[in-house]
Structures are given as structure tokens and as C-alpha cells.
Amino acid sequence: MRKFKTAAITATMVGALTLAACSGGSSSDGSGSAEPDTAGGDAPNELTFMFRGSDYDKAAYQTAIDKFEEETGAEVTMIITDADQYATKLQAAIAGNKVPDVFYIEPGKMMGYVYAGVLADLTDYVGQDVIDNIWDFGTDAYRFNTETGERGNSADALYGLPKDVGPFGFGYNTVLFEKLGLEAPSADEPMTFDEFVALCKELTQDDELDYQTWGTGLNVVWNSQAFVWGAGADWISEDQKTVTVDTPEFAEALQWFADLGLVEGVTPSVEQAQSLDTYQRWMAGEIGFFPVAPWDIATYNSVAEENPDTFGYDVIPYPVANEGDDWSTWLGSLGIAVSENSKNKELAAQLATYLSTDLDAQKTLAEGKVQIPNLIDYATGEWIETDAPAAGWPANTKAFLEIAESKGKPLPGVWTYTPEWYDNFWIGIENVVDNGSQTAADFVASKQTEMQQLLDQSWISADQAKVTG
Amino acid sequence: MATTTDTEQVTSTWTKADQKAARKRSAALHRKEHGWAAAFMAAPVIGWVAFLLFPMGFSIYASMTNWNGIGNMTFIGLDNYTRLVQDPYFWKALWNTVFYMIGIPIGLAISLALALALSRKIRGRTFFRTVYYIPVISSLAAIAILWQWAYNGDFGLVNQALSLVGIDGPNWLQDPTFAKPALIIMAVWKGLGYSTLLYLAAVQAVPRSLYEAASLDGASGWKKFTKITWPMVQPVTFFLVVTNIIAGSMIFTEINIMTPTGGPSWSTASLVWYVWNQAFRNLQMGYATAMALVLGILVLIVTVIQFRINRANDFSID
């Protein structure tokens, strides 16, 4: 027993001592596996490409890379990781000085990576003709002025090319509308908030069909942006330096969003949404309006095919506060960047350009319903006319292109050095939208100062990173 | 008269050269042995330096820098520690982490009761032992997802079971009051098998003669438990308390899966979850390291206190 005790003491002391050095960074499933060598290629024609994604991504890129290798004589090693582990693995690779030649980069983390000298400036490597044929947002998201810290200006240096642009569209259940004898919303003109609520009320039924239905069921963290913007409010000023949540229009828009469930009763309750979340209920045909994004299309199509009596869908503009207001929604993106320390920077830049704009790869990804094409001429021509309908994209797919072209904005927090100030907004939001124990006006007033402090801190950190690298 | 003893004869047969050669051989042997000894010792020492001393030193230095985890470090002294003291989210996360420790005594009490039950000759003993151990070898991620469903406020298994006895269960993971207890219940359930197994081994190792002697003296079952079983399993209890506190202070996976935004009103965010967020989402590796070090030191202090208390209560039957 004494020996056992000694062993226990030793084990616990070592455990306690190593805690600080080991905490954090664990994978979400606790699994471990042999790590691939992420370092950039040594030989003049060797490149490494680290990315995450689906089988479609891999297949599309494999074809593009095979072609690239054939054309340039390059040898590309692909390193694919799980989506949830990619960011930490990339950070570890950078810390370990084993940066791949070409890799995915989130636009939100770009500033830190540029200041740390990790990302190569691609401005001189990518032709203007190539840039002109990519959605503005797709390149602006990877432009950065290292002096002012400003993002999104087309005159600034380019540190990445888009793997994709992801329009977060809005849709409705065509079958449910038909069943309830409702007129389908316009594919081109946005509804006003009042029209939207009126339709939602008509869609919320428990005795019309043999199952209960609701107007909508929107997650506040991912779905409220379009409505806040549609009311003319925002989380942050255009120069990204001032938090703007404590305004009457913001509070009004947030309260309106909360009241969809609390007052109007047109969404499933918190408990109902928990038992079967609104995404599942939407696919079960129980919800009238729900977000539709390119990465959902394949799933929605198979659901519509299996259950044509309950589910069908199309894309429409997001509602706005008043008639004539401009609608908008958020537009995501994932970038392809090149390591500043790559031994084959020019070749790596060529590969990044290839992966972002190769027509065959774009066709494969769009056909697989992974993303809309990055290439404007293809997307607005052959794709929207023939390829998209043939591949089963929704009837009003042009709404996605409209978002990519002009209606899309980055999520708040993506264009600041860190998103902590924006994340802070969601702490306690359930008191407004779930249980109504706090009004939206009180909530935003209580958040303004703290969020501003965190945003100021973000700018201070950015300035420090600019100096120290 | 010159006489020679045997020794002198033997010695005389050893020339100075022989003695020198023998010394040389002996020295060579010693050197070789010392070399091997050094080599054997080097492995753990190098391991200790590379995997403990260096990371610890690096962590301490990193905690005093402004570092985003990818760029250069700037030494800022104790600024991160000053910030930490003023950071309400650090204290909230620390409080949440401490609150999770409530599960430790509850889990140990249930484990000991189970171990006592399973040490008796009951039908299906092996089956029960296996059943209780299954959660230990199951994936934590899978368990977290299962419990997420079980805690569903509407149709979850937990509330359905409660409704059988007339209790209207809360919306566990969406209610700031119940979110932490919900995670504690899951953690207790998950760790039960391991603690029970150790207790079972300890209970079965208690000499039967002690119980027989106690029976002869007319001791009741409760007396036998408090005066024999409990003291005899104390080293295991101590081991479990210390290791559970260390493991509990690092709780992360279940929180990240079941309440990925830190729970309603940040009620489930643990310190390691906050550290991870600051390090990898907010690019504040220096600050995150400072928090991790403070957590490590707190755990060390608690562990030392436990050792002291345990030493005071130590006993031997020798």
C-alpha cells in the first residue's frame, strides 16, 4: 500500500506541475494521430498544400493539382486535416516554423498572420485580369493595409485569394406555401418586416395540416445580422473603431427579432427547438422561412427528393424594415494564402491562383454543390444559365450571386484584429430572445461599454503586433 | 634473516607494471560503468529537461509577454497577471471550474458504495462491474453528445424520467442555474467506473482478519466500515481526490461540445475553455499562458494542502 501511495504521490505531483504547460489546445475528441510534416518544399519544384474540407474539396483540388503538376512540373503534397483541428494545427505549424507553402487562411485571422510575417504579399504575383474576374469581396477580404490596419480596400496589398465566397441566403419552403395556399414571396424584392411577420403568422398552424408548422426559427447568433442590417443598424462603425450597438434602431431591430418568438409566437419555443432543432424542423417541412446557403444545397436537395410532399425550397432576399430599404446578409469566405518563407514563392502563388480560379476545379466544386463559382464570367454566364439548373441548384440561385456581388458583408468581428468584442455581444443574449427577462434596449446599453473596451484592446493588440511582428 | 610470507611472495610476483595494468583495467571498467550509468541517467534527465523544465520555463516567460502565438514575443513583465486580476471573465471561469469540483465528493461517495456492493457475492457482479466501467472507455465526445440529448428540456431522457415521479424538469443546458449541475452529473457518471474499480481493489485488499476480530468484539456493520474499511481505503481516496481535482480543473471537451459558447450567461465556461479561446481564437497566447500558469499553481497549492492533511491522518497497521 505504501508503494502504491508513493506512486500516487509522484503521479499527482507530476500531473500538477505539467498542468500549466499542457493545458489548452486539446482536440475536441481527445484523439491523437501521427502528425504529417507540414513544412514547405525544399526542392525548386516541391510545394506543400495544407487545407481542410469535404471529399468534394479534395476531389476537385486533386484534379486541379494534377493539372497544375502537369503544366508546371511541380510536385504538390496535399495535407488535409479535420475542419475542427485545422486552425490549431496551422498555428502549431507556424510556431514550429513548419509553415506549408500554400494553406487555407480565415480572413478573421489574417491581420495577425500578416504582422507576424507569415503571409506573402501576392499583389505582384496575381494578374489584374485574374482579380477582375473574382468577386470583389473574394479579394477584398484578403487585402490589408499594414500601416492603417484597414481592411477591404481594393488598393491595398493582397495576402490571399478566395477558396470560396459563402453567401448566407434566405429561403422558404415552397411546398408548405402551396399547402397553406399562400402566395410565394418575391424572388427579387425583399419583404418588409411587417409583411414577413404577417406571413409567418399564416404559416404558424397547428390544425391546418397533420403536423404543426411555424413561420420561422432563426438562431440569433447566425441569423440576426441580416435583420439588424436591414433596419439600418450595425455592430460596428465603418472604420471598425466604434461599437454601435447602443442605438435606437439596433435595439428596435433586436427586439423585433426576439418578439418573433416571445410575442408573435411564430417560432418553435426554446424547448421545442431543443428537442428537434429548427434546422431539422425546416427539413421536416415544419418551418416556412429558414436560411439557405450553398453548403446546404446538396442536403436540402436530397431531403426534397425523399420528401416531396413536405419539403421544397427556393432562395429569396432577406426582409428589410421598410419598403425600399436595401437588403443585405453576411458573406463568408475562406482564403488560400502563401507562406512568406516559401522557398518557391512564385510557384506557390501560381498554385494558390490555380486553386482559386481554375475553371475545371470551380466547375467540380459548383457541381458538387460545395460553393458558388469564384469566377464572375463563368458564374454569371454558363453556370447560372445551364450548369447550375442542371446540377440542381435552386431556381433563384441568382440571389446567391447578388449577395456575392453586392449584398454581402463580412460578419462583424472578421475585419478586426480579434473578434472578442463581437463574441462578447452574445453572452447573455438568451435573456432577450429566449426568456425575455431583459429588453433589447437594456441589453445593448449594458453591452456598449464593455464591447468598446474590448474593441479598443483589439486595436491596441493590432498596433503592438505591427511593431513587434 | 630474511623471511618471506605468502603475501609477500604473492606481492613479489606482482610487478609494478602488473599493478599498474590492473589499476588501469579497473579504471577502464569503472569508466565504462560510469559511462553506462550516465547514459541510463541521461535519458530521464534529458526527457525531464526537454518535456518539463523547458516547457515550464518557456511558459513562465511566455506568460510575461505580449504574444499572439505566431509572431514575436514582447516582454511586458507582470502586465498579463495584472490584467488577469481585473478580468471578470477569468474570475467567472475560475468560479465555474471550482464549482465543478462539487462532483468529486459526490462521485467518490457513490463509487465507494458501489464498490462495497460489488465486493459482495451478488448475482451478476461481473455484469455490473462491466456496465459501470463502459463510460470510462467510451469517447468523451460521444458521451457529451448523448448527454446533450438526454438533457433536452422537452423530450430529453432526464426530464422524462423526472416526469415519472411528477417533477417538471428544467431546461438543463439553457438555464444558468442548472447548466453547471448538469455537467457535474455527467462527469460523475463518466468517472464512476474508474473510481469504483480502484475502491473495489482497495476494499478487497483489506485483511479479513480485521473484520473477524471486530466481529468477535461485537462491532456493528457501521463501526466496521468507519473503523476498518474507511481508514484502509484512505490512500485510494486520497489518490482519487488529488487526480480528480487535477482532471476537473482541466475540464474542456464536454463544455466545448455541450455548451460551445460558454453556456447561458457564460455559466458553464471553465478556465481551460477560456484559456483555449484566448489562445486560439483571440490570438492572446501570452495572456492565456498566464491564466494557465495561475491555474497550475492553484492546483499545486491545493495538492500540497491535501498532502499535508493526508500526512496528518496517516496511519499504519504494521
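Helix H3 of chain A contributes three residues to the lining of the largest cavity, and no other element gives more. This cavity belongs to a predicted model, and its volume is about 50 Å³. Its walls are formed by A:Tyr86, A:Ala87, A:Leu90, A:Tyr104, A:Ile105, A:Glu106, A:Lys109 and A:Tyr113. Both H3 and E3 of chain A supply at least two residues of this lining. By character, the lining holds six nonpolar residues, two charged ones and no polar ones.

Between helix H3 (86–95) and strand E3 (102–105) of chain A runs a loop that contains A:Asn97. Although A:Asn97 is not a glycine, its phi is positive, at about 55 degrees. A:Asn97 counts as exposed because its relative accessibility is 62%, above the 50% cut-off.

A second residue of chain A has a backbone angle of this kind: A:Lys369, which is not a glycine, has a positive phi near 60 degrees. A:Lys369 is found in the loop between helix H15 (359–367) and helix H16 (376–391) of chain A. Is A:Lys369 buried or exposed? With a relative accessible area of 16%, A:Lys369 is buried, since the limit for that class is under 20%.

The count of cavities of 30 Å³ or more comes to two. The second largest cavity encloses about 30 Å³ of space. Its lining consists of A:Thr418, A:Glu420, A:Leu454, A:Gln457, A:Ser458, A:Ser461 and B:Gln284. Helix H20 (residues 440–468) of chain A provides the largest share, four residues. In this lining, five residues are polar, one is nonpolar and one is charged.

Methods:
Residues are numbered from 1 along each chain as its sequence is written. Chains are lettered from A and ligands numbered from 1 in the order in which they are written. This is a predicted model: local features need pLDDT of at least 70, side-chain atom pairs count only at pLDDT 80 or more; totals for chains, interfaces and linings use all residues. Side-chain values use heavy atoms; hydrogens and water are left out. Buried means under 20% relative accessible area, exposed over 50%, partly exposed in between (1.4 Å probe, protein chains only). On a 1 Å grid over the protein atoms alone, a cavity is a set of points where a 1.4 Å probe fits but cannot get out, and a pocket is an open set with protein on both sides within 12 Å along at least five of seven lines; lining residues have an atom within 4 Å of a point. Grid points are joined across faces, edges and corners, and a volume is the space filled by probe spheres set on the points. Ala, Val, Leu, Ile, Met, Phe, Trp, Tyr, Cys and Pro count as nonpolar, Asp, Glu, Lys and Arg as charged, and the others, Gly among them, as polar.
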